[in-house]
Amino acid sequence: MTYAEFNDFCGALPATTYVMQWGKAHVWKVGGKVFAIGGWEKESDPAFTFKTSTLNFNILRDEPGFRAAPYMAARGMKWIQQYAVIEGGDADLKDYIQESHRLVSLGLTKAQQKALGLNQR
């Protein structure tokens, strides 16, 4: 996935906002909370960082092409970074990013979720 494709995908998710920060990182937020980051020190090698469940964190951190996200995981957060092309390709990455969006949105207050039209059943 390129950064342009990453940005297009994240931008299509509900109630998202984009900012470039931390150098040249593509940072996507829902309700003001980060759910996905595209970028790292090697601009030529795309990397994508996202929040996961505890189970997925424990599985993915040991899979080829993935690692516990630098800085975030060291602070106890369950974030993974995909730093190499993986077998499942972009479809799996999109699933992980979409799940990160959902997990982060569930951490918003009920009032924020309602105002943003998220998680309404």
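## Strands, a pocket and a few residues worth a look

Strand 4 and strand 6 run antiparallel, with 4 bridges joining them. One of the pairs is K51 with W79, the latter sitting in strand 6. Keep in mind throughout that this is a predicted model.

Strand 4 (residues 48-51) also pairs with strand 3 (residues 33-38), again antiparallel, this time through 3 bridges. Here G38 has F48 of strand 4 as its bridge partner. Then there is the pairing of strand 1 (residues 16-21) with strand 2 (residues 25-30), which is antiparallel and counts 6 bridges. Here are the pairings side by side.

| Strands | Bridges | Direction |
|---|---|---|
| Strand 1 and strand 2 | 6 bridges | antiparallel |
| Strand 3 and strand 4 | 3 bridges | antiparallel |
| Strand 4 and strand 6 | 4 bridges | antiparallel |

**Around strands 1 and 2**

Strands 1 and 2 make a hairpin with 3 residues between them, and W22 in that hairpin has a positive phi near 50°. Within the pairing, M20 faces H26 of strand 2.

H26 turns up again with N7, a residue of helix 1. The two side chains make a polar contact at 3.1 Å. Apart from neighbours within four places in sequence, N7 is in contact with Y18, H26 and W28. Is N7 buried or exposed? Its relative accessible area is 17%, and buried means under 20%, so N7 counts as buried.

A15 belongs to the loop that links helix 1 (3-12) to strand 1. A15 isn't a glycine, yet its phi is positive, at about 60°. With 29% relative accessibility, A15 is classed as partly exposed, because that class covers the range between under 20% and over 50%.

**Q82 and the second largest pocket**

Back to strand 6 (residues 79-82), which is where you'll find Q82. Q82 has a relative accessibility of 7%, so it counts as buried. What does Q82 touch, once residues up to four places away in sequence are set aside? The list is P46, A47, F48, F50, G65, F66 and L93. A polar atom of the Q82 side chain also lies 3.2 Å from the backbone oxygen of A84.

Q82 and A84 both help line the second largest pocket, and so do P46, F48 and L93. The rest of that lining is made up of M1, D45, Y83, V85, I86, G89 and D90. The pocket's volume is about 160 Å³. By class, its lining has 8 nonpolar, 2 polar and 2 charged residues. Which element gives the most to this lining? That's helix 3 (residues 89-106), which supplies 3 residues.

**Further along helix 3**

L103 also has its place in helix 3. Leaving out residues up to four places away in sequence, L103 touches K51, T52 and S53. K51 is the residue paired with W79 of strand 6, so this contact takes us back to the pairing at the top of the report.

For a sense of scale, compare L103 with W22, the hairpin residue with the positive phi near 50°. L103 and W22 are 81 residues apart in sequence, and their C-alpha atoms are 23 Å apart in space.

Methods:
Residues numbered from 1 in each chain as written. Predicted model: local features only at pLDDT ≥ 70, side-chain atom pairs only at ≥ 80, totals over all residues. Heavy atoms only, no water. Helix = DSSP H or I, 4+ residues; strand = E, 2+ residues; numbered from the N terminus. Buried < 20%, exposed > 50% of the residue type's maximum accessible area, 1.4 Å probe, protein only. Polar contact = N/O pair within 3.5 Å; in protein donor to acceptor, adjacent residues only side chain to side chain. Contact = heavy atoms within 4.5 Å. 1 Å grid on protein atoms, 1.4 Å probe; cavity = no way out; pocket = protein on both sides within 12 Å on 5 of 7 lines; lining within 4 Å. Points joined across faces, edges and corners; volume = space filled by probe spheres on them. Nonpolar A, V, L, I, M, F, W, Y, C, P; charged D, E, K, R; others polar. Pairing = 2+ DSSP bridges.
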